[in-house]
Amino acid sequence: MVIAGARPNFVKVAALLHACRELEVRACLVHTGQHYDKDLSDVFFDQLEIPRPDHSLGVGSGSHAGQTARIMAAFEPVLLAERPRAVVVVGDVNSTLACSLVASKAVYPDGTRPFLVHVEAGLRSFDRTMPEETNRVVTDHVSDLLLVSEPSGEANLIREGIDPDKVRLVGNVMIDTLRRLEGRARQTRAAEDLGLAGKRFGLVTLHRPSNVDKAESLGPLIRALERIGQEMPLLLAAHPRTGQAMERQGLALAQPGPEWAEKGGLARSGPLPYLDFIGLMARAAIVLTDSGGIQEETTALGVPCLTLRPNTERPVTVDQGTNILVTRTEEIIPSFRKVMSGPRPGRVPDKWDGRAALRAVRAILDRLEKN
Ligand code: UD1
């Protein structure tokens with residue numbers, strides 16, 4: 001049983017389901033409904049060719065406690081009715097945590113219990129103000145098998161006392177989906193439609209509560225991005241949380257149009273479909289983001305990335321890849337200038353080769369056989 005809840009989960013689940021098909025493993029898909037907008041959910045299911053979920057829990061948005069509790073209450077009966085041998089959770093969103101807690105406590109009527117697998121285990125930002133950090137730590141400590149995407153994950157888990165026998169470095173399943181669909185993404189007309197074909201441009205995403213929820217954070221960030229916009233057109237593909245915060249804070253931006261593409265500036269669109277976004281990212285001169293997954297995708301594509309956060313749980317993207325952490329807003333413009341005048345750095349980390357999900361599913365089968 002594979003759990004999907006929010007946008008970044010869909011990219012990882014697509015790879016795992018693909019690998020299940022290849023290895024003839026029966027998979028049951030549960031969508032918690034944490035993300036429900038067409039732009040954040042349906043479009044991803046279509047473009048990533050994810051089958052319709054076997055169970056849709058339809059939980060929607062809410063406070064952390066409310067959302068987590070609703071997912072747990074809705075998931076428990078589904079788990080007990082389906083009785084899968086393994087439950088696979090991915091990433092670090094509230095759906096990951098909620099379903100992990102339910103699966104780790106479940107006991108079937110015959111006394112057996114599901115085997116809980118965490119894909120993308122071991123990542124740590126060491127920042128407990130990030131809700132995802134709690135989700136990561138708790139999920140890892142209740143999981144039976146921890147499948148890791150980069151070496152820091154193994155080191156973190158061992159340091160926290162997790163039995164090394166439960167831990168395997170399989171690589172990055174998000175990059176499997178990127179490699180599978182990169183050709184199609186590069187053929188989308190997103191850049192042409194925005195008037196950006198053949199031009200230098202930058203792509204921006206922001207959605208972390210610490211960056212967008214308060215005017216003291218978001219205002220200076222937007223002003224720095226507007227300065228960069230004077231040098232090349234920048235597109236902010238805004239998450240609904242960011243769009244709502246900008247409206248609340250009276251931060252208006254123009255929509256992308258011909259004048260913006262010609263003269264530059266910072267423009268705002270809504271969230272983009274996967275293929276359009278990857279197609280634009282592959283052609284961008286620079287990406288500025290606070291997303292976790294985009295730090296990895298830019299590394300795989302060899303596109304410079306400025307991460308607008310004081311920390312990253314994906315240090316391999318900084319050590320080996322194209323990622324630079326920008327810890328203070330004042331550093332954004334100097335970092336941008338430095339990146340634009342330097343050579344394109346980075347290499348693709350080990351096991352980010354498009355076959356991570358196959359290794360993940362094989363590792364699960366291997367463990368289930370031994371149990
Ligand atoms: C969630 C994840 C975050 C991940 C991000 C990717 C948690 C704690 N956070 O953050 O780790 O990086 O997804 O996008 O799980 N909303 C909509 N439509 C939707 C879903 C949400 O408009 O389909 C709006 C609602 O106002 C909602 C807000 O976005 O309250 C936040 O949604 P939520 O799922 O709580 O967290 P994200 O910010 O999306």
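**Close-up 1. T205 stands opposite T289 in strand 11.** This predicted model is shown here at the pairing of two strands. Strand 8 (residues 202–205) and strand 11 (residues 286–289) run parallel. They are joined by 4 bridges. Both strands belong to an open sheet of 6 strands, in the order 10-9-8-11-12-13. The pairing in this sheet is parallel. Its edge strands are strand 10 (265–269) and strand 13 (323–325), each of which pairs on one side only. On average, neighbouring strands are turned by 20 degrees against each other, direction ignored.

**Close-up 2. Strand 4 (residues 86–90) is largely enclosed by the rest of the structure, because 5 of its 5 residues are buried.** In a regular strand, side chains alternate between the two faces of the sheet. Here both faces are covered. A86, V88 and V90 are buried on one side. V87 and V89 are buried on the other. Strand 4 pairs with strand 5 (residues 115–121) in the parallel sense, over 5 bridges. Within this pair, V88 stands opposite V117 of strand 5. From strand 4 the chain passes through helix 4 (residues 94–105) to reach strand 5. This β-α-β crossover is right-handed.

**Close-up 3. R83 and E120 each have a positive phi, although R83 is not a glycine and neither is E120.** Most residues other than glycine have a negative phi. For R83 the angle is about 45 degrees. R83 sits in the loop between helix 3 (64–82) and strand 4. Its relative accessible area is 45%, so R83 is partly exposed. For E120 the angle is about 85 degrees. E120 is placed in strand 5. With 9% relative accessibility, E120 counts as buried.

**Close-up 4. S149 is buried in the loop that follows strand 6.** This loop runs between strand 6 (145–148) and helix 6 (151–159). The relative accessible area of S149 is 3%. Which residues does S149 touch, not counting residues up to four places away in sequence? They are E120, L123, L169, G171, N172 and W352. One of these contacts, E120, has the positive phi of about 85 degrees.

**Close-up 5. Helix 1 (residues 7–22) crosses helix 17 (residues 356–370) at roughly 65 degrees.** Two packed helices are described by the angle between their axes and the distance between the axes. These axes come within 8 Å. The crossing is right-handed. Helix 1 contributes A15, L16, A19, C20 and E22 to the contact. Helix 17 contributes A357, L358, A360 and V361.

**Close-up 6. C20 and C99 are buried cysteines.** C20 has 8% relative accessibility, and C99 has 0%. Why is C20 not in a disulfide? The closest cysteine sulfur, in C28, is 11 Å from the sulfur of C20, which is too far for a bond. For C99, the closest cysteine sulfur is also in C28. That distance is 12 Å, again too far for a bond. A disulfide needs two cysteine sulfur atoms within 2.5 Å. By this rule the count comes to 0 disulfides.

**Close-up 7. Buried residues of helix 2 (residues 38–47) pack against several elements.** L40, S41, V43, F44, F45 and Q47 are buried. An α-helix has 3.6 residues a turn, so residues three or four places apart point the same way. The packing partners are helix 1, strand 2 (29–31), helix 7 (173–187), helix 11 and helix 13 (274–283). Just after helix 2, E49 takes a positive phi of about 55 degrees.

**Close-up 8. P256 lies in the loop between helix 11 (240–248) and helix 12 (258–263).** Is P256 buried or partly exposed? P256 counts as partly exposed, at 25% relative accessibility. P256 touches L194, L235, A267 and R268, not counting residues up to four places away in sequence. V138 is 118 residues from P256 in sequence. In space, P256 and V138 are 41 Å apart, C-alpha to C-alpha.

Technical notes:
Residues numbered from 1 in each chain as written. Predicted model: local features only at pLDDT ≥ 70, side-chain atom pairs only at ≥ 80, totals over all residues. Heavy atoms only, no water. Buried < 20%, exposed > 50% of the residue type's maximum accessible area, 1.4 Å probe, protein only. Helix = DSSP H or I, 4+ residues; strand = E, 2+ residues; numbered from the N terminus. Pairing = 2+ DSSP bridges. Right-handed = clockwise from strand over helix to strand, strands pointing away. Contact = heavy atoms within 4.5 Å. Axes fitted to C-alpha atoms, helices over the stretch in contact; angles between N-to-C directions. Left-handed = near helix turned anticlockwise from the far one by under 90°.
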